[in-house]
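Me: I should like to learn how to read the features of a structure that is new to me. May we go through it together, one feature at a time?

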Amino acid sequence: MQTDFDVAIVGGGLAGLASAIEMGKAGKRVVLFEKRAYPYHKVCGEYISMESWNYLKYLGLPLEEMDLPRIDRLVVSDLKGNLLRHQLPLGGFGISRYTLDAKLAKLAQEANVMLLEDCRVEEIRYQSKEDVHRIKSAKGDFSSKLLVASYGKRSRLDKQWNRDFIQKPLPADRNFTGVKYHINSDLAANQIGLHIFDGGYCGISKVEGEDRYCFCYLTLASAVQKAGGIEGLEEKYMRKNAILDQLLDLPRIYEKPEVIAQVNFNSRSQIEDHAFMLGDTAGLIVPLCGNGMSMALHAAHIWSGLAKSYFEDKLDRPMFEQRYKKAWRKQFNARLKVGRSLQTTFYKPKLSSLLITLLNKSSWLSRSLISFTHGKEILED
């Protein structure tokens with residue numbers, strides 16, 4: 001088995017898979033390590049902004065043939081029954097990660113990427129004299145000229161690199177838990193709902209398949225603990241929102257939810273020991289913005305373009321790293337900051353009610369907040 005590569009990618013989510021496909025199509029030797037086997041469910045809102053549509057087609061996905069719901073309306077509710085309804089200027093579409101990631105993984109293999117599933121990476125070391133990364137994994141040792149870390153929200157590798165965002169315990173008001181189900185419903189297919197409860201908020205929107213909806217919520221870990229677990233949280237807190245009370249009674253397609261704990265939205269670095277951070281590994285946007293999937297894809301495209309210049313000897317490593325950090329921050333920093341500020345109001349009922357009132361009175365403010373948390377199309381027609 002080949003063990004030396006041009007590019008090694010740790011983590012087969014959207015950023016990792018998109019980067020793998022781009023570099024594979026460019027004729028580079030690529031290996032991708034994914035700790036699980038496709039297809040699988042993961043905690044995600046499963047709404048993708050239309051800014052990613054053309055890029056996903058460019059990667060090879062036949063989106064027009066997949067009968068995906070197009071989403072162009074937003075409704076927000078609070079505990080008092082106040083509602084905000086707003087058109088989404090760019091809009092988006094719904095697709096489950098179970099389907100999307102598996103299809104991208106197949107495209108990666110078709111681009112001659114070595115895909116190692118059920119393969120956890122145990123250690124990464126950069127060798128400065130050789131200018132290569134050494135990777136120890138469950139399926140052997142490998143080396144690569146470039147290394148992409150796109151393993152998601154947190155990993156043992158964060159501890160290896162001693163990354164800033166994990167060095168201190170999370171305070172109670174910044175420690176979150178994410179939960180996701182798929183449910184059966186007949187809600188409007190073109191609408192995404194965002195429903196606030198004491199300690200968190202829940203999104204619901206249609207994905208592929210008849211009557212299948214993604215039901216995903218983020219809550220303070222302290223609220224889960226206080227309620228005695230997820231079931232207690234849903235009964236004691238979420239049902240106080242009249243819309244969520246009805247949604248919680250809908251049939252669940254799989255019984256046990258996907259859960260992720262210790263979700264951390266603190267700022268992160270984009271380079272660690274000459275490894276490039278992509279997707280949630282580089283920076284995590286709050287779910288209420290509905291833009292994490294597009295950010296992952298956009299970062300992959302930014303990185304891949306620079307990597308191609310690097311392999312053409314148009315950039316050396318220091319210049320590559322500098323340009324990637326600059327491009328990433330220019331594209332994403334502002335929306336991350338706006339998202340964090342917005343989220344502070346969304347798990348505090350009084351503040352969220354006030355915000356909904358203000359947004360209902362000012363369509364300009366509503367449009368501005370939506371535009372601040374989204375970008376332009378990754379690829380134009």
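Me: Which helix gives the most to the lining of the largest cavity?

Reply: This is a predicted model, and what follows should be read with that in mind. Rolling a probe the size of a water molecule over the atoms shows where empty space is left. In this structure, helix α8 (residues 292-311) contributes the most to the lining of the largest cavity, with 4 residues.

Me: How many cavities of 30 Å³ or more does a search of the whole structure find, and what volume does the largest cavity have?

Reply: The search of the whole structure yields 1 cavity of 30 Å³ or more. The volume of the largest cavity is about 40 Å³.

Me: Which residues line the largest cavity, and how do they divide into nonpolar, polar and charged?

Reply: The lining consists of Gly279, Asp280, Gly283, Ile285, Gly292, Met295, Ala296, Ala299 and Trp328. By character, 5 of the lining residues are nonpolar, 3 are polar and 1 is charged.

Me: Let us turn to pockets. What is the volume of the second largest pocket, and which residues lie nearest its centre?

Reply: The second largest pocket has about 260 Å³ of volume. Its lining is made of 18 residues, and those nearest the centre are Leu187, Gln191, His195, Ile243 and Leu247. Two or more lining residues come from each of the elements β5 (83-94), β11 (191-197), β12 (200-206) and α7 (242-247). Among the contributors, β11 gives the most, with 4 residues. The lining as a whole holds 10 nonpolar, 6 polar and 2 charged residues.

Me: Several of those elements are strands. What is the order of the strands in the open sheet of 8 strands?

Reply: Strands of a sheet pair through backbone hydrogen bonds, either parallel or antiparallel. Here the open sheet of 8 strands follows the order β3-β5-β4-β11-β12-β13-β10-β14, and its pairing is mixed. At the edges stand β3 (47-49) and β14 (258-263), each of which pairs on one side only. On average, neighbouring strands of this sheet are turned by 30° against each other, direction ignored.

Me: In which sense do β4 and β5 pair, parallel or antiparallel?

Reply: Strand β4 (residues 70-77) and β5 are antiparallel partners, with 7 bridges between them. Within this pair, leucine 74 is opposite histidine 86 in β5.

Me: Which helix lies across β4, β5 and β11?

Reply: That is helix α10 (residues 349-361), which runs at about 80° to β5.

Me: How many bridges join β11 to β12, and how many residues lie between them in their hairpin?

Reply: The two strands run antiparallel and are joined by 5 bridges. One of the facing pairs is glycine 193 with isoleucine 204, the latter lying in β12. The hairpin formed by β11 and β12 has 2 residues between the strands, and glycine 199 in the turn has a positive phi of about 105°.

Me: On its other listed pairing, how is β12 joined to β13?

Reply: β12 and strand β13 (residues 212-220) also run antiparallel, with 7 bridges. Tyrosine 201 is placed opposite leucine 218 in β13. These strands form a hairpin with 5 residues between them, and its turn contains glycine 209, with a positive phi of about 100°.

Me: Why is β12 described as largely enclosed by the rest of the structure?

Reply: The reason is burial: 7 of the 7 residues of β12 are buried, so the strand is largely enclosed by the rest of the structure. Both faces are covered, with Gly200, Cys202, Ile204 and Lys206 buried on one side and Tyr201, Gly203 and Ser205 buried on the other.

Me: May we finish with single residues? Is alanine 108 buried or exposed?

Reply: Residues with under 20% relative accessible area count as buried. Alanine 108 has a relative accessible area of 1%, so it is buried. This alanine 108 belongs to helix α3 (residues 97-110). Not counting residues up to four places away in sequence, alanine 108 touches Leu17, Ala20, Ile21 and Val113.

Me: Where is valine 30 found, and which residues is it in contact with?

Reply: Valine 30 lies in strand β2 (residues 30-33). Valine 30 counts as buried because its relative accessibility is 1%. Leaving aside neighbours within four places in sequence, valine 30 has contacts with Phe5, Val7, Ile9, Ala20, Met23, Gly24, Asn112, Val113 and Met114.

Methods: Residues are numbered from 1 along each chain as its sequence is written. This is a predicted model: local features need pLDDT of at least 70, side-chain atom pairs count only at pLDDT 80 or more; totals for chains, interfaces and linings use all residues. Side-chain values use heavy atoms; hydrogens and water are left out. On a 1 Å grid over the protein atoms alone, a cavity is a set of points where a 1.4 Å probe fits but cannot get out, and a pocket is an open set with protein on both sides within 12 Å along at least five of seven lines; lining residues have an atom within 4 Å of a point. Grid points are joined across faces, edges and corners, and a volume is the space filled by probe spheres set on the points. Ala, Val, Leu, Ile, Met, Phe, Trp, Tyr, Cys and Pro count as nonpolar, Asp, Glu, Lys and Arg as charged, and the others, Gly among them, as polar. Buried means under 20% relative accessible area, exposed over 50%, partly exposed in between (1.4 Å probe, protein chains only). Contact means heavy atoms within 4.5 Å. Two strands pair if DSSP finds at least two bridges between them. Axes are lines fitted to C-alpha atoms, for helices over the stretch in contact, and angles run from 0 to 180 degrees between N-to-C directions.
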